[in-house]
Amino acid sequence: MTLILTRSTIRTLLADRVEAVEAAVARAHRDLAQRRAVLPAPPAMQLPGGDGTFVAMAAASAPDRLATVKLLADLPGNRAAGLPVQRSAVLAVDAETGACAALLDGAELTRVRTAAATAVATRALARPDAATLGLVGTGPLARAHARALLPGRPYDQVVLWGRTPEHAHTLANWITAELGVPAKVLDDPRAVTEAADVLCTLTPSREPVVRGAWLAPGQHVNAVGAPPRPDHRELDTEAVVRCRIVVDAYDTARTKSGEVLVPLAEGALGEDDFRTELGDVLTGRAPGRTATDDLTLFDSVGVGLQDLAVARMLIDLARERGTGIPVDLGA
């Protein structure tokens, strides 16, 4: 039987499982570095005359015994219609039998695994004494990042900025009340950048919102929000070039990340400058932070193996709890 897992079911299953999701995502990146998982660069498809992009994010894992593909639809025109710009669904297949194990809504899964990957990278790359977390962007992805990054971490405060002040103040109040860390809204991205020890950019921007001139030695930056398109980025070229760069997966970054592809096209960056993957750092195959004054950058494009790792967890939890909608696709 194939399990259908809806967004609300996924949200319920993942409630209060931040640490477990982080562990699953970290293991997936170690598996990739140790060649126990396969992650091809995702193809992007565009229909003639449209500005939408459809990205097929495939992965397979021997330890998780799954092969998955998430079809991500990035449709900027949806914004004018009041619809989500990005929508996705994940198809999971048993790697041993080929049976369709599950079909999962991608929205909540993507937000949670993206935040978990940021938490893994931050734990590996940020200074242990980082005290101020900065968030540029205040949408659902920012809330997921606060939930993933704050519990059990030594942050004294959160500073944040968003284009809609009302949303920014709502997020700050929620962080203070629900997560127990004082949070305040600052005037602009520069103020947040200059105040933060760990900075997360979480906007769907196609033009830089953070400048390299604002960065200070010792900071760690997570570039997360820009859509997977080679001309979209949140950091300017100076910011990227100043940092020691770690990517989630080189093949994906090389085709989808404007963060590195724009500086590469400008001649400011070489391909060897962004070959280090998160799994390489986690397994000790490559250094991450080497000194307290290093500027480090995690360039998070988002990869299908992260979806697979969380899908494995969700399928197992759903079966254990007897939830989800079973469907016989072969009937």
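What follows is a friendly exchange about helix packing, cores and a few arginines in this structure.

Colleague: What should I keep in mind before reading the values?
Modeller: This is a predicted model, in which local features need pLDDT of at least 70 and side-chain atom pairs count only at pLDDT 80 or more, while totals for chains, interfaces and linings use all residues. Residues are numbered from 1 along each chain as its sequence is written, and side-chain values use heavy atoms, with hydrogens and water left out.

Colleague: Why is helix 2 called oblique to helix 11?
Modeller: The axes of helix 2 (residues 18-33) and helix 11 (residues 304-321) cross at roughly 130° and come within 9 Å. Axes are lines fitted to C-alpha atoms, for helices over the stretch in contact, and angles run from 0 to 180 degrees between N-to-C directions. Angles under 35 degrees count as roughly parallel, over 145 as roughly antiparallel, 65 to 115 as roughly perpendicular and the rest as oblique. The crossing angle therefore makes helix 2 oblique to helix 11. Helices here are DSSP runs (H or I, at least four residues), as are strands (E, at least two), numbered from the N terminus.

Colleague: Which residues make helix 2 meet helix 11?
Modeller: From helix 2 they include Ala20, Val21 and Ala24, and from helix 11 they include Leu305, Gln306 and Met313. By class, this contact of helix 2 with helix 11 has ten nonpolar, two polar and no charged residues. Ala, Val, Leu, Ile, Met, Phe, Trp, Tyr, Cys and Pro count as nonpolar, Asp, Glu, Lys and Arg as charged, and the others, Gly among them, as polar.

Colleague: How do you know that Arg113 is buried or exposed?
Modeller: Buried means under 20% relative accessible area, exposed over 50%, and partly exposed in between (1.4 Å probe, protein chains only). Arg113 has a relative accessible area of 3%, so Arg113 is buried. This residue is found in helix 3. Leaving aside neighbours within four places in sequence, Arg113 is in contact with Val25, Met57, Lys70, Gly302, Val303, Gln306, Asp307 and Val310, where contact means heavy atoms within 4.5 Å.

Colleague: And what makes Arg35 and Arg65 worth a look?
Modeller: Arg35 is not a glycine, yet has a positive phi of about 60°. Arg35 sits in the loop between helix 2 and strand 2 (37-38), and a relative accessible area of 76% is why Arg35 is called exposed. Arg65 also has a positive phi, near 55°, in a residue other than glycine. Arg65 lies in the loop between strand 4 (53-61) and strand 5 (66-74). With 37% relative accessibility, Arg65 counts as partly exposed.

Colleague: What makes a set of residues a nonpolar core?
Modeller: Such a core is a set of buried Ala, Val, Leu, Ile, Met, Phe, Trp, Tyr and Cys residues joined through side-chain atoms within 4.5 Å. The largest one here has 43 residues, of which Leu14, Val21, Leu104, Leu305 and Leu314 touch the most other members. Helix 11 gives the most to this core, with ten residues. A second, separate core of 28 residues includes Val210, Trp214, Val221 and Leu235.

Colleague: How do helix 1 and helix 3 pack?
Modeller: Their axes are 8 Å apart, at an angle of about 35°. Arg7, Ile10, Arg11 and Leu14 in helix 1 meet Ala107, Glu108, Leu109, Arg111 and Val112 in helix 3. By class, the contact of helix 1 with helix 3 has five nonpolar, no polar and four charged residues.
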